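Colleague: I would like to take a close look at a single part of this model with you, and to see how that part sits in its surroundings. Please take your time over the answer.

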Amino acid sequence: MAEYQNIRTGRHCAFALHAHLVFVTKYRHKVFAERHLTRLEEIMRDVCADFEVELVEFNGENNHVHLLVNFPPKVALSKLVNSLKGVSSRRLRQEYPELVKHYWRAQRLWSGSYFAGSVDGAPLSIVRQYIEQQNRPA
């Protein structure tokens with residue numbers, strides 16, 4: 001099977017789960033400047049630490065952000081996303097009052113949807129072949 005780097009371990013498991021997350025601002029408004037993205041990365045790193053999730057990579061443009069996270073199996077990705085978007089929206093509103101003009105109607109910084117894609121590992125056909133080739137006891 002493929003060589004995995006940075007395999008993490010839990011009490012009863014070993015894992016290498018990565019997800020690519022993309023969050024888009026409400027109405028695709030061009031909200032972020034460099035200072036906002038820098039602060040947003042700090043906030044998201046704190047939230048990830050609370051979930052025992054590693055934020056591997058973070059970057060964004062003026063209307064969306066990309067995150068690459070390494071998460072344990074006990075973390076529901078939807079709960080992580082909910083917390084990341086909620087905490088970051090609330091803190092940015094508190095720290096940067098000038099952003100209010102971008103979400104005055106919806107009272108939300110982020111769109112309600114998000115993208116989550118699995119990352120790393122072998123294609124399904126390779127995994128299926130690997131499982132089929134196991135030495136099953138007779």
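Is Asn 70 buried or exposed, and what is its relative accessible area? Please go on from there to the strand that holds Asn 70.

Modeller: This is a predicted model, and what follows should be read with that in mind. Asn 70 is buried, because its relative accessible area is 1%, whereas the cut-off for calling a residue buried is under 20%. The residue belongs to strand β5, which covers residues 64-70. If neighbours within four places in sequence are set aside, Asn 70 is in contact with Asn 6, Arg 8, Leu 17, His 18, Val 53, Glu 54 and Val 56. Two residues in that list are also placed across from Asn 70 in the strand pairing: His 18 is a bridge partner of Asn 70, and Glu 54 stands opposite Asn 70 as well.

These two partners lead to the strands that flank β5. With β3, strand β5 pairs in the antiparallel sense over 7 bridges, and another pair of residues in this arrangement is Leu 21 with its bridge partner Leu 67 in β5. With β4, strand β5 also pairs in the antiparallel sense, here over 6 bridges, and a hairpin of 3 residues makes the connection from β4 to β5. Strand β5 is largely enclosed by the rest of the structure, because 5 of its 7 residues are buried.

Further along the strand, Leu 67 and Val 69 deserve attention, since among the 28 residues of the largest nonpolar core they touch the most other members. At least two residues of this core come from each of β3 (18-25), α1 (34-50), β4 (54-60), β5 and α2 (77-95), and α1 gives the largest share, with 6 residues. As a general point, nonpolar side chains in soluble globular proteins tend to be buried together. The contacts of Leu 67, again without neighbours within four places in sequence, are Ala 19, His 20, Leu 21, Phe 23, Met 44, Leu 55, Glu 57, Phe 58 and Leu 84.

One of those contacts, Leu 84, is itself among the buried residues of α2, which are Leu 80, Val 81, Leu 84, Lys 85, Val 87, Ser 88, Ser 89 and Leu 92. The cover over these buried α2 residues includes β5, together with β3, α1 and β6 (110-119). As for the helix itself, the 19 residues of α2 should span 27 Å at 1.5 Å a residue, and the end C-alpha atoms are 27 Å apart, so the two values agree.

On the other side of the account stands β3, which is mostly covered, with 7 of its 8 residues buried. Besides its pairing with β5, strand β3 is joined to β6 by 7 bridges, and these two strands run antiparallel; within that pairing, His 20 stands opposite Gly 117 in β6.

Two loop residues complete the picture around these elements. Tyr 27, in the loop between β3 and α1, has a positive phi of about 60° although it is not a glycine. Glu 52, in the loop between α1 and β4, likewise has a positive phi, near 60°, in a residue other than glycine. Glu 52 counts as partly exposed because its relative accessible area is 45%, while Asn 70, with 1%, is buried.

Key. Residues are numbered from 1 along each chain as its sequence is written. This is a predicted model: local features need pLDDT of at least 70, side-chain atom pairs count only at pLDDT 80 or more; totals for chains, interfaces and linings use all residues. Side-chain values use heavy atoms; hydrogens and water are left out. Helices (H or I, at least four residues) and strands (E, at least two) are DSSP runs, numbered from the N terminus. Buried means under 20% relative accessible area, exposed over 50%, partly exposed in between (1.4 Å probe, protein chains only). Contact means heavy atoms within 4.5 Å. A nonpolar core is a set of buried Ala, Val, Leu, Ile, Met, Phe, Trp, Tyr and Cys residues joined through side-chain atoms within 4.5 Å. Two strands pair if DSSP finds at least two bridges between them. The expected span of a helix is 1.5 Å times one less than its number of residues.
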